[in-house]
Amino acid sequence: MQRREFILGALGTGVVSSSVVELISAVSSSALASEAGPTIPYGAAIRVDHLTDDPDYAAAVRKYCQQVVGEGGLKWIDLRPTQSSFNFDQPDRLLAFADENGMTMRGHTLVWYAAMPEWTEGIGSRSEAEFEMVHHIEVVAGRYRGRIPSWDVVNEPIADDPPQADPYRDSVWYRQLGKEYIDLAFQTAAAVDPAAQLVLNDFNFEKTNARSKKRRTVMLDLLKGLKDRDVPIHALGLQGHLTGEAEIDKDGLSRFVEEVSGLGLDILVTELDVIDNNLPGTETVRDQIAALRVRDYLTAICDATQPKAILTWGISDRYTWVPIWFERRDGKLNRPLPLDQNYQPKAMMQVLQEFTKAGA
Ligand code: XIL
């Protein structure tokens, strides 16, 4: 039996013998280290307050990252306390850290359905929605023109389980402007910062199930439409919030990435982590399974193209969004990221270093 099947087979039984653990450590030391992939910049989503209140966190970011993106700060909920005000404190602090440490900063995200301040519920007409979206992009992308070289212009535009007839996710933007809100967002961002890399960002294209397949089809159609209308989009961001117990559809994902690349679009992996709430409790086993998922995911993508960047959504298990939605029933800490809660590298970091320039 192949090592991989034996390891992942342990998933089903829930019983992990000591031989599996030995076997897994063998996999981590040999197979994972042998197949060096292409070199790609590595980055992480950052909680800017911890750069000052947790020196080990800042040291880990400096050690491993060439890029940073704010986990918050550039979302409307943080940025727009009122309809007439902007609070740039967090992104300004993160950009200063990036500049001081020779890193580039990604902007996440100009237009999203979620993390919206209460006042936006009052946007009740087409003209109001158009003004608010265009004004927001003009002010925000204008402030960071030439300093934030890559933006998630529109985040998660398709519904979780998109109906063929109407695959778009509900939002104030879609309700008031129709699907052309996506065109307008990219056109506005391009007008404000013609040199910026403009990215459409979404998730769940990697599983073998019907939903992932449907999302691949719908996203491809959406991207083709944008290209047919000459909308200034440069890349698709694959968030990469992987489900620990779910096999990666390597062929399906590779074909999808090939087709996206065939449209003249680049690929970024923007929010990689492994949601491990349904993985066995043994940390060693969980870490190896998570590393194998990341390896399959990045191999599938890199078989089709070289991503322009690979970012994880956080760098240490100490600070992760995962338990907000995917808390473990056994009460154990989630382990979704490449460093453990004490900033020690796990097998996932080893896999990431095979594919990126991480110099650590
Ligand atoms: C999450 C943050 O990590 C949380 O801290 C916040 O409470 C909610 O948003 N996809 C995205 C990210 O594009 O912006 C989300 O980030 C995670 C899912």
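In this predicted model, D276, E283, R286 and K332 are linked in a network of salt bridges. The structure holds 22 salt bridges.

R93 takes part in two further pairings. With D49, R93 forms a salt bridge whose closest N and O atoms are 2.9 Å apart. This pair links distant parts of the chain, 44 residues apart. D49 sits in the loop between β1 (42-46) and α4 (50-53), whereas R93 belongs to helix α7 (residues 89-100). R93 also forms a salt bridge with D89, with closest N and O atoms 3.0 Å apart. Here the partners share a helix: R93 and D89 both lie in α7, four residues apart, about one turn of the helix. R93 has a relative accessibility of 32%, so R93 counts as partly exposed. D49 is partly exposed at 43%. D89 is partly exposed as well, with a relative accessible area of 40%.

D161 and K214 form another salt bridge, their closest N and O atoms being 2.9 Å apart. This pair, too, links distant parts of the chain, with the two positions 53 residues apart in numbering. D161 lies in the loop between β4 and α9 (172-177), and K214 in helix α11 (residues 210-228). D161 counts as partly exposed at 36% relative accessibility. K214 is partly exposed at 28%.

Strand β3 (residues 104-111) has seven of its eight residues buried, that is, under 20% relative accessible area. The strand is therefore largely enclosed by the rest of the structure. Strand β3 pairs with two strands. Three bridges join β3 to β2 (residues 67-70), and these two strands run parallel. Four bridges join β3 to β4 (residues 150-155), again in the parallel sense. R106 of β3 has bridge partners in both: V69 of β2 and S150 of β4. Between β3 and β4 the chain passes through helix α8 (residues 126-143), and the three elements make a right-handed β-α-β unit.

The ligand is surrounded by E71, K75, H108, W112, N155, E156, Q239, H241, E271, W313 and W321. Three side chains place an N or O atom close to a ligand oxygen. For E71 the distance is 2.5 Å. For K75 the distance is 2.9 Å. For W313 the distance is 2.9 Å. On its own, the ligand has 410 Å² of accessible area, and the protein covers 76% of this area.

Note on methods. Residues numbered from 1 in each chain as written. Predicted model: local features only at pLDDT ≥ 70, side-chain atom pairs only at ≥ 80, totals over all residues. Heavy atoms only, no water. Buried < 20%, exposed > 50% of the residue type's maximum accessible area, 1.4 Å probe, protein only. Pairing = 2+ DSSP bridges. Right-handed = clockwise from strand over helix to strand, strands pointing away. Near = heavy atom within 4 Å. Polar contact = N/O pair within 3.5 Å; in protein donor to acceptor, adjacent residues only side chain to side chain. Areas by Shrake-Rupley, 256 points an atom, 1.4 Å probe, with all protein chains shown as cover. Salt bridge = Lys/Arg side-chain N within 4 Å of Asp/Glu carboxyl O.
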